[in-house]
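Hi everyone, thanks for making time for this. I'd like to walk you through a structure that may be new to most of you, so please have a look at it before I start.

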Amino acid sequence: MNKGGVTKDGIRIYEPGDFAGMNKAGRLAAQILDDVADFVVPGATTEALDQFIQEQVELAGATSATIGYKGYQHASCISVNHVVCHGIPGPKVLKDGDILNIDVTVIVDGWFGDTSRMYVAGSLPRKAERLIQVTHDALMKGIEAARPGNTFGDIGHAIQVYAESNRMSVVRDFCGHGLGRVFHAPPNVLHYGRPGTGAVLEEGMFFTIEPMINLGRPETKVLADDWTAVTRDKSLSAQFEHSIGITAQGCEVFTLSPAGKFHPTYS
Ligand code: MF3
Ligand code: CO
Ligand code: CO
């Protein structure tokens, strides 16, 4: 039916044996995000965190997917406060109450593992705590909708309804993506949408879900460095990302935290 293992929408269908490779890559990315947590403290620079991440990738004998990707030169994206995504690690010093997303993608035996989560330097401000909780739970609503027979629109809708019912907004300018033996492949996984629209989910599809949720308006702009995306209204933004594979029953999350630290309060 899907000739050459690709759907009419250009979405690759992987084999049951391919899940193991994705698991290994996903687990390493998640492990690195677990291990960097101890270093996210006031006074740390984002480039020091990136340096640690790069070392961990090398120690594991893996490859960073982001170094050299479209000219990007770092092993992670680190997006602080009103930075929505693609923050470039640098000399910026974290201060008490800063919230940040760290996004890591590794390649293990040719398979890509892509995950990101939120951290806080020092004490977590009340408003940021709510944003982080809603963003985490919005991702989980999306994952719950990820099963054969549902559509990509069902995933986006679940995320959008949850975020907006909490009076927060979903970023439209960036989306999740297919991945597997490549970093970014069809489809674009939108974090908003209407039920029943978009491609139908099938066993063997591998993709990310990575909602970016803002406390204020959804609009973003990219800074002059051509990477850093920020909220136009300077409101706080949060993001969580998992890489998943559709199974017969539902989905398998490849990027589960080995230490159970995906959520910053470790719940
Ligand atoms: N990891 C990001 C994603 O979730 C992509 C980062 S590309 C980079 O798709 F070049 F900015 F690192
Ligand atoms: Co991604
Ligand atoms: Co990512």
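Let me begin with a question: is the arrangement of the six donor atoms around the cobalt ion (ligand 3) regular or irregular? Before I answer, please keep in mind that what you see is a predicted model. Now the answer: those six donor atoms subtend angles of 59 to 168°, which makes the arrangement irregular. For orientation, six octahedral donors would ideally give 90 or 180 degrees.

Who holds this ion? On the protein side, the donors of the cobalt ion (ligand 3) are D103 (OD), listed twice, along with D114 (OD) and E241 (OE), and they lie 2.1 to 2.3 Å from the ion. If you follow the chain, these donor residues are spaced D-x10-D-x126-E. D114 sits in strand β5, while E241 is in the loop between β13 and β14, so this pair ties together parts that are 127 residues apart in sequence. Both D114 and E241 are buried.

Now move over to the other metal. The cobalt ion (ligand 2) is 3.3 Å from the cobalt ion (ligand 3), and D114 coordinates both. For the cobalt ion (ligand 2), the protein donors are D114 (OD), H177 (NE2), E210 (OE) and E241 (OE), at 2.0 to 2.2 Å. Their spacing in sequence reads D-x62-H-x32-E-x30-E. H177 belongs to strand β7, residues 176–178, and E241 to the loop between β13 (237–239) and β14 (242–246), so here the pair ties together parts that are 64 residues apart in sequence. As for the geometry, the six donor atoms around the cobalt ion (ligand 2) subtend angles of 52 to 159°, so this arrangement is irregular.

How accessible are these two donors? H177 has a relative accessibility of 5% and therefore counts as buried, the cut-off being under 20%. E241 has a relative accessible area of 0%, so E241 is buried too.

Let's stay with H177 for a moment and look at its strand. β7 is joined to strand β8, residues 185–189, by three bridges, and the two run antiparallel. The bridge partner of H177 in β8 is N188. A hairpin of six residues connects β7 to β8.

There is another strand pair I'd like you to find. β9 and β14 run antiparallel and are joined by four bridges. One of the bridge partners to look for is I244 in β14, which pairs with F207. Within β9, residues 206–209, F206 and T208 point one way, F207 and I209 point the other way, and all are buried. That fits a general pattern: in a regular strand the side chains alternate between the two faces of the sheet.

Next, the nonpolar interior. Which residues have the most contacts inside the largest nonpolar core? They are I53, L100 and I102, in a core of 35 residues. At least two residues of this core come from each of α1 (19–36), α2 (46–59), β2 (76–80), β4 (99–108) and β5 (111–120). The biggest contributor is α1, with eight residues. There is also a second, separate core of 32 residues, with L131, I143, V189 and M205 among them. More generally, nonpolar side chains in soluble globular proteins tend to be buried together.

A few words on α1 itself. This helix has 18 residues and reaches 26 Å from its first C-alpha to its last, close to the 26 Å expected. It is mostly covered, with 13 of its 18 residues buried.

Back to I53: setting aside neighbours within four places in sequence, I53 is in contact with I32, V36, A75, S76, I102 and V104. S76 is worth a stop, as it lies in strand β2. With a relative accessible area of 0%, S76 is buried. Beyond its sequence neighbours within four places, S76 is in contact with D50, I53, T66, G87, P89, I102, D103 and V104. You have met D103 already, as a donor of the cobalt ion (ligand 3).

One last stop is G153, found in helix α4, residues 152–165. G153 is buried, with a relative accessible area of 7%. Its C-alpha is 4.7 Å from that of T197, which is 44 residues away along the chain. Leaving out neighbours within four places in sequence, G153 is in contact with G193, R194, P195 and T197.

That's my tour, and I'm happy to take questions.

Key: Residues numbered from 1 in each chain as written. Chains lettered and ligands numbered in written order. Predicted model: local features only at pLDDT ≥ 70, side-chain atom pairs only at ≥ 80, totals over all residues. Heavy atoms only, no water. Donors = N, O, S within 2.8 Å, 3.2 Å for Na, K, Ca; no water. Tetrahedral: all angles 85-135°; square planar, octahedral: opposite > 155°, others 65-115°. Buried < 20%, exposed > 50% of the residue type's maximum accessible area, 1.4 Å probe, protein only. Contact = heavy atoms within 4.5 Å. Core = buried A, V, L, I, M, F, W, Y, C linked by side-chain atoms within 4.5 Å. Pairing = 2+ DSSP bridges. Expected span 1.5 Å × (residues − 1).
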